Amino acid sequence: MIVVMGVDSKNEEIEAVKNKLENVGFKTHLIYGVERIVIGAVGDKRFLPSLSLELMAGVKKIVHIMNPYKLVSKEVKEETIIKVGSATIGGKNLTVIAGPCAVESEDQLMAAARLVKASGATLLRGGAFKPRSSPYSFQGLQEEGLKILKIASHEYDLPIVTEVMNTKTVDLVAEYADVLQIGARNMQNFDLLKEVGHIKKPVIIKRGLCATLEEWLMAAEYVMSEGNYEVILCERGIRTFETATRNTLDLSIIPLIKETSHLPVIVDPSHATGNWKLVAPMAKGSLAVGAHGLMIEVHPNPNEALCDGNQSLTPENFHVLMGDLTKIHNLFH
Ligand code: PEP
Ligand code: MN
C-alpha cells in the first residue's frame, strides 16, 4: 500500500502518518517524487481501517498495489534518477558504462579508462571478483583490482561499477566502488540482495539467466525493501534454445520495464550476444527501444583479454559506436 502525500506536505504531517503505521507494525519507506511524496507501507492490512489515514493532514490518497512488487512499481514514483559522481543515470540522460570484463593490470585498466573516457563513456566497468564457469579460469585480481579501479576513477573522473559476488565482500567492494553490480548468477541470491540493501551506494541488478520480469523486479524489491532505493536494472540476455549467440537479448523487456517500474533500465549487449560484431547493432537497438543506457565491454587489446575477449570492442570500434549512440539518443530526446 502507498500513502500519497502532497509535495507541500509538512514534515510533521509525514511523520504523523509514518508513526501511525509503524505503531501497528508496518515498515515504511519515504519516497520523494517531483509531484508528490509517497509513504510506501508494508504490513498487516487488517489494521488499516482503524487507522483512518485518509483523514490525516497532508494525505491525498491511499493506493493499494496489487502486484507483488511494490517499491519498484510505477505507482510509487514516476521515475528514478540517480546521481553518482560525475554521472546521472535515468531520465533523459544517456549512461554508457564501458571497460574491460576484468581488471587485469594497472596498465590495462588505465589504458581502457583513458580511451573510453575520451570517447564519452560516463562510468567505468571492470570486474575485480569474477564469477567464472570454470574454477580454473582467471578469477579476478580481487582487492588489488579494486585499488586499480579507484586509481583509474580518480585519474579520469569516471565513477566505477564493479561486481560484488557474496555477502562477505559487500563492505570491501563498497569501500572502493561507486556502483555495485549484482551479476546475473546472483540475481536471486536473496542474502546478497538484502546486504546491498543496507549500503548507501547505487546497485545494478543484472537480469538472471532464466529470470522472468516479475522475478527480476522482485530482486530489486529485495534491495529497496531494506532501504536502498538507488537500483538500476540491466538486461543482459536470457537463456534460450539458440546457441548461435551466447544469450538471447530480450529487447521487448525494456518498454515493459519502463511501463511497470520507475527504475532506470540499461542493456549489456556484450554478455547478451557474446560476439563483438553484434554489440554495436544491439546497442543501437537498445536505445531505440528506450533503454536509459548501456554497459559495454571494451578492451585495449581484445585478443589478449583474460576474459570475454570475443565480445569486447576495440577502443576504435567503441569510439565509432559512441558517435552513433549519441545520434540515436538525440533523436529520441
Ligand atoms: C559482468 O558484467 O562482468 C558479468 C559477469 O555479467 P553477467 O552477470 O551478466 O553474466
Ligand atoms: Mn564479461
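This report looks at a four-stranded sheet, the helix packed on it, and the surroundings of ligand 1.

The model is predicted, so local features need pLDDT of at least 70 and side-chain atom pairs count only at pLDDT 80 or more, while totals for chains, interfaces and linings use all residues. Residues are numbered from 1 along each chain as written, chains are lettered from A and ligands numbered from 1 in written order, and side-chain values use heavy atoms, leaving out hydrogens and water.

Let's start with the sheet. It is open, with four strands in the order β2-β3-β1-β4 and antiparallel pairing. Strands (E, at least two residues) and helices (H or I, at least four) are DSSP runs numbered from the N terminus, and two strands pair if DSSP finds at least two bridges between them. β2 (27–32) and β4 (59–63) sit at the edges with a single partner strand each, so one side of each has no neighbour in the sheet. On average, neighbouring strands are turned by 20° against each other, direction ignored; axes are lines fitted to C-alpha atoms, for helices over the stretch in contact, and angles run from 0 to 180 degrees between N-to-C directions.

β1 (residues 2–6) pairs antiparallel with β4 over four bridges, and Ile2 stands opposite Val63 in β4. Helix α1 (residues 11–23) packs on this sheet, touching β1, β2, β3 (36–42) and β4, where contact means heavy atoms within 4.5 Å. The direction of α1 makes about 10° with that of β3.

Now for ligand 1. Residues around it (a heavy atom within 4 Å) include Arg125, Lys130, Glu163 and His271. Here are some polar contacts (N or O pairs within 3.5 Å) to oxygen atoms of ligand 1:

| Residue | Atom | Distance |
|---|---|---|
| Gln181 | polar side-chain atom | 2.9 Å |
| Ala184 | backbone N or O atom | 2.8 Å |
| Arg236 | polar side-chain atom | 2.6 Å |

Taken alone, ligand 1 exposes 300 Å², and the protein buries 96% of that (Shrake-Rupley method, 1.4 Å probe).

How values were computed
Polar contact = N/O pair within 3.5 Å; in protein donor to acceptor, adjacent residues only side chain to side chain.
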